[in-house]
Amino acid sequence: MPSGSRPSTRSIGVVTTARSDYGIYLPILRQLAADPDVALLIYAGGMHLSPEHGLTVRDIERDGFTIAERVELLLSSATSEGIATSLGLAVIGFARAFTRSRPDVLLVLGDRFEMFAAAAAAAPLRIPLAHIHGGEATEGALDESFRHAITKLSHLHFPAAERYARRIVQMGEAPDRVTVSGAPALDGLRDLPPVDLAAFERAYGVPAAPAPLLVTYHPVTLELDSLPRQIDALLGALDEVRQPIVITDPNADEGGDVIRQRLTEFARGRGDVFRVGNFGPHGYVEAMRLSAAMVGNSSSGIIEAASFGLPVVNVGTRQAGRLHGDNVIDAPCDRAEITAAIRRAVSPEFRAAARAVVNPYDRGGAARIIIERVKAVALDDSLLRKTFHDL
């Protein structure tokens, strides 16, 4: 390259299908958008385009990002057949999108079926995949299988912890393609200014004081037969709590409609229970920072909450097998057990201990680590050619 010349622009695609992955991506997206050597292509689909789930594609645009492609892939049905059909539509939609605006490298994240569809569509198009948050376990969810399938389709890997890196290598991926990055959602969390409590209350119509419980509960998709019993146990325990409760909606998994209906019934006529369908990534972080504790089975309780010293009651098996800090109390789906765990979590002693927890997912600068690797990798046939690494 001649002296003083700049490298050619590399197009980096990012697949986002829900508010949950968008919040994790946000530090990466900001750095990519500001990089003069990168052309950022955002592929938004799934729940982002659903009015029922808040039409959160507007949040992406309000943050100043341009959507390269909108990929319609969700049916209104959240049954097993409906989700399987949505998966097929998603493969078609992403295949067409990637053909129109082909990225040099495509970032995919986590374990959702929509993300698997994007990875499957990219494979025959020979688009290199970089997978974030591989190697983890969510033993109560179908997502467990999708995560590991995405790993085997991918060419670069960015696990959040050493334990997960070893698991990826155990799956046959070459060690030199695995870079432990930490969790990108944690970038910059320690430097956030204090929450403006009055502005938060005006924006979302929920109390900031006294500190509420923040509740997010998703379907355990391998235990749908027991979903009514599980939600009864959770709501029964919450009914015994004498402090404000802020509830966010579940995702688009099968069983989500059942949970939303029961949450609506639970909140009806109660002045101390508040429903917020979608905080958005900024509001959700603020909600975590001002809450007394989190209750439910969201991955945010496993990964982000420790950075705020926030106590978490992790209910049931959806997150089983995941590394977490000592701020997390695991509780089975039993009313008495959940009630006892909540009372322990909000106790002054446990809250003080939680504030001292070191987040096992925080290595500092995850977005920088990921972007530097993706920008530096050679885009040739050797990247697409994978050799199984035998232990």
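# Close-up views of the predicted model

**View A. Arg 126 sits in the loop that runs between helix 4 and strand 5.** The model is predicted. Although Arg 126 is not a glycine, its phi is positive, at about 60°. The residue has a relative accessible area of 56% and is exposed, since over 50% counts as exposed.

**View B. His 133 is a non-glycine residue with a positive phi, near 70°.** The loop that holds His 133 joins strand 5 to helix 5. His 133 has a relative accessible area of 4% and is buried, the cut-off for this being under 20%. Glu 136, the subject of a later view, belongs to the loop between strand 5 (129-132) and helix 5 as well.

**View C. Helix 4 is mostly covered by other parts of the chain.** Of the 10 residues of helix 4, 9 are buried. Among them are the aromatic residues Phe 113 and Phe 116, together with Met 115 and Glu 114. The buried set also includes Ala 117, Ala 118, Ala 119, Ala 121 and Ala 122. Cover for these residues comes from elements that include strand 1 (10-16), helix 1 (19-34) and helix 3 (80-100). Strand 4, strand 5 and helix 5 also belong to this cover.

**View D. A salt bridge joins Arg 147 to Asp 111, with 2.6 Å between the closest N and O atoms.** Arg 147 belongs to helix 5 (residues 143-153), while Asp 111 lies in the loop between strand 4 (105-109) and helix 4 (113-122), so the salt bridge ties together parts of the chain that are 36 residues apart in sequence. Arg 147 has a relative accessibility of 1% and counts as buried. Asp 111 is buried too, at 12%.

**View E. Glu 136 and Arg 322 form a salt bridge in which the closest N and O atoms are 2.7 Å apart.** This pair links distant parts of the chain, 186 residues apart. Arg 322 is in the loop between strand 11 (312-315) and strand 12 (328-331). Both Glu 136 and Arg 322 are buried.

**View F. Within helix 9, a salt bridge connects the side chains of Arg 262 and Glu 265 at 3.4 Å, N to O.** Helix 9 spans residues 256-267, and the two partners are 3 residues apart in it, about one turn of the helix. Arg 262 has a relative accessible area of 24% and is partly exposed. Glu 265 is also partly exposed, at 37% relative accessibility.

**View G. Salt bridges link Arg 112, Glu 114, Asp 143, Asp 253 and Arg 318 in a network.** Glu 114 is one of the buried residues of helix 4. Over the model, the count of salt bridges comes to 23. The protein chain carries 41 positive and 47 negative side chains. The centres of these two sets lie 2 Å apart.

**View H. The peptide bond between Ala 209 and Pro 210 is cis.** Omega for this bond is near -5°. Pro 210 is part of the loop between helix 7 (197-204) and strand 7 (213-216).

**View I. Thr 56 occupies the loop between strand 2 (38-45) and helix 2 (57-62).** Thr 56 is buried, and its relative accessible area is 3%. Apart from neighbours within four places in sequence, the residues in contact with Thr 56 are Arg 19, Met 47, His 48 and Asn 278.

**View J. The whole protein chain, shown for context, contains 15 helices and 12 strands.** Its radius of gyration is 21 Å, close to the 21 Å that the globule rule gives for 391 residues, so the chain is as compact as a globular protein of that length. The C-alpha trace spans about 65 × 45 × 45 Å along its principal axes. Buried residues make up 58% of the 391. Among contacts with a separation of 6 or more, 71% are between residues 24 or more positions apart. The chain exposes about 16,100 Å², and 52% of this area is supplied by carbon and sulfur atoms.

Key: Residues numbered from 1 in each chain as written. Predicted model: local features only at pLDDT ≥ 70, side-chain atom pairs only at ≥ 80, totals over all residues. Heavy atoms only, no water. Helix = DSSP H or I, 4+ residues; strand = E, 2+ residues; numbered from the N terminus. Rg over C-alpha atoms; globule rule 2.2 N^0.38 Å. Buried < 20%, exposed > 50% of the residue type's maximum accessible area, 1.4 Å probe, protein only. Contact = heavy atoms within 4.5 Å. Areas by Shrake-Rupley, 256 points an atom, 1.4 Å probe, with all protein chains shown as cover. Lys, Arg positive; Asp, Glu negative; His and termini not counted. Charge placed at Lys NZ, Arg CZ, Asp CG, Glu CD. Salt bridge = Lys/Arg side-chain N within 4 Å of Asp/Glu carboxyl O.
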